[in-house]
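Q: I should like to learn how to read a protein fold from its overall dimensions down to its sheet, its core and its internal spaces. Could we work through one example together?

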Amino acid sequence: MNNSMNRRAFLQQSSAAALSLALLPSFKRRVAPSDKVRVAHIGLNGMGTAHLNWFAKLPDVDVVGLCDVDENHLNKALATLKGHHPNTTAKTYADFRYLLDRNDIDAITCATPDHWHAQIAIMAFQAGKDVYGEKPLSYNVREGQQMLKAQKRYNRIFQLGTQIHAGDNYHRVVELIRAGAIGKVHTVRLWRTGTPPVLGPANYQTPPSTLNWDMWQGPAPASLYTPERCHFTYRYFLDYSGGVFQDFWCHIADVVWWALNPTGLRTVRARGEAPEGIGDAPKWIDIDYAFEGLNLHWTSTPPNVPGAEKRGIGAYFEGDKGTLLCDYSTREITINGVTMNDVPEVPITLERSPGHQQNFIDSVKSRKEPESNLAYARQMTLPMHLGLIAWRLGETLEWNPRKEKFRHNRAANALLSRENRKGWDLV
């Protein structure tokens, strides 16, 4: 059956049920209305507000729609948009499916909780819309596979919201590593410090009248409403996300996948601790990945290497000629005991970004893949899911990268996907 007709039929039925720091371009230019990309924003608190502010400032974007299941967030976002464009005619929605049914929208951004990322993106692809999706790419491995399949089928553009990717520092780190400045890299250490807040006890109550709690949960398992499970702190519940680890993996793993493109993952081993309170995402997690020719380690505390203790997040590349330590905006290269912040002999080989959001808009117009495209983002995100599975099971897991399945482990393979809540499997 035609996907558009499926969506319209659902909308007709559901209306009765009342489902009610990237670099922005420094230049300004005049753009004819016919050359503007019409963008709508889904999920408008936190990063969604950042999306709105970023795209509203781009001269070749017209923000035409806003959507959130929380009426308070929606009203605040509309006021923010009017601050940029007082005469805006953007329409507001409580249900993203009505927004996707519009034929005059070219692209959407998605900054919902993690468990909604894949379905919204896939439905946007089906509706002929390009997607700027906030990280992580998907809630689980299977969703990422489905997203890539749908993107290819409907010939859509996708950009993952790894805003740091656009910065000069990551570009330069990649140039240095690829040029062999520290030799062949055999080990990488990634870390992010910080623990989740202690949540609870659960304060179960009637959801606020301004919040559609049923739709907020969507495909996730049903739960009674408690403020701790909603909005910002949702990320500390495995029903929706994967805690501090899942929140930050993509931001720092990005520079590793860009520079080295690790392949041939063989084993995943994890250690960690459950949190206090009602949250269940890891309090801390350490993971060892064995790739072909590369060992990669994630820790929740800085590794015991020079300079790491000063950084709350970072990547440490170990090569046979030296080391490179970096975070979002700084880098230190050490060769033969001498530490420097650059190797001038290594040429600039990567084109610099016009800004992560502008890169997406340029790709929407040109139909050329953006910097953090879906195929790349999926490969970079996949080990994150596998690390959480290893922690949940407390086992060393063997991975078959060709089949994208664990070897001889039914319980681990069962966690590669999840059955969506009845009535919310929309694609």
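The dialogue below moves from overall dimensions to the sheet, the core, a buried helix and the internal spaces.

Q: What kind of model is this, and how many helices and strands does the protein have?
A: This is a predicted model. The protein has twelve helices and 16 strands.

Q: How does the radius of gyration of the protein relate to that of a compact globule?
A: A compact globule of 427 residues would have a radius of gyration near 22 Å, and the protein has 22 Å, so the two agree. Along the principal axes, the C-alpha atoms fill a box of roughly 70 × 50 × 40 Å. Of the 427 residues, 57% count as buried.

Q: How should the sheet be read, and in what order do its strands lie?
A: The general idea is that strands of a sheet pair through backbone hydrogen bonds, either parallel or antiparallel. Here ten strands form an open sheet with mixed pairing, in the order S14-S13-S12-S11-S7-S10-S9-S8-S15-S16. Its edge strands are S14 (338-340) and S16 (405-406), each of which pairs on one side only.

Q: In which sense do S7 and S10 run, and how many bridges join them?
A: S7 (residues 185-192) and S10 (residues 294-299) run parallel and are joined by five bridges. One point of contact to locate is Trp191, whose bridge partner in S10 is Thr299.

Q: Which strands form hairpins towards the S14 edge, and how many residues lie between them?
A: S12 and S13 form a hairpin with four residues between them. Strand S12 (residues 322-326) pairs with strand S13 (residues 331-335) in the antiparallel sense over five bridges, and Leu324 stands opposite Ile333 in S13. S13 and S14 form another hairpin, with two residues between them. Their pairing is antiparallel over three bridges, and the bridge partner of Ile335 in S14 is Val338. In the turn between S13 and S14, Asn336 has a positive phi of about 55°.

Q: What pairing is found among S8, S15 and S16?
A: Strand S8 (residues 267-273) pairs with strand S15 (residues 397-400) in the antiparallel sense over two bridges, with Val268 standing opposite Leu397 in S15. S15 and S16 also run antiparallel, joined by two bridges. The bridge partner of Trp399 in S16 is Phe406. S15 and S16 form a hairpin with four residues between them, and Glu404 in the turn has a positive phi of about 50°.

Q: How is a nonpolar core to be read, and which residues touch the most other members of the largest one?
A: In soluble globular proteins, nonpolar side chains tend to be buried together. The largest nonpolar core in this model has 101 residues, and Ile108, Leu190, Trp249 and Phe317 touch the most other members. Another core, of 21 residues, lies apart from it and includes Val39, Trp54, Ala107 and Ile157.

Q: Is helix H5 enclosed by the rest of the structure or open to the outside?
A: One reads this from the burial of its residues. Ten of the ten residues of H5 are buried, so the helix is largely enclosed by the rest of the structure. Among them are His117, Gln119, Ile122, Phe125 and Gln126. Just after H5, Gly128 takes a positive phi of about 80°.

Q: Which elements and residues line the second largest pocket?
A: One begins with the volume, then asks what forms the wall. The second largest pocket holds about 440 Å³ of space. It is lined by 18 residues, of which Ile122, Arg142, Gln146, Asp425 and Val427 lie nearest its centre. Helices H5 (117-126) and H6 (141-154) are the elements that give two or more residues to this lining, and H6 gives the most, with seven residues. By class, the lining has four nonpolar, seven polar and seven charged residues.

Q: How much space lies in the largest cavity, and what lines it?
A: About 60 Å³ of space lies in the largest cavity. Its lining includes Arg192, Val244, Phe245, Lys283, Trp284 and Trp298. The elements that give two or more residues to the lining are helix H9 (243-260) and strand S9 (284-291). By class, the lining has six nonpolar, two polar and two charged residues.

Conventions: Residues numbered from 1 in each chain as written. Heavy atoms only, no water. 1 Å grid on protein atoms, 1.4 Å probe; cavity = no way out; pocket = protein on both sides within 12 Å on 5 of 7 lines; lining within 4 Å. Points joined across faces, edges and corners; volume = space filled by probe spheres on them. Nonpolar A, V, L, I, M, F, W, Y, C, P; charged D, E, K, R; others polar. Core = buried A, V, L, I, M, F, W, Y, C linked by side-chain atoms within 4.5 Å. Buried < 20%, exposed > 50% of the residue type's maximum accessible area, 1.4 Å probe, protein only. Pairing = 2+ DSSP bridges. Rg over C-alpha atoms; globule rule 2.2 N^0.38 Å.
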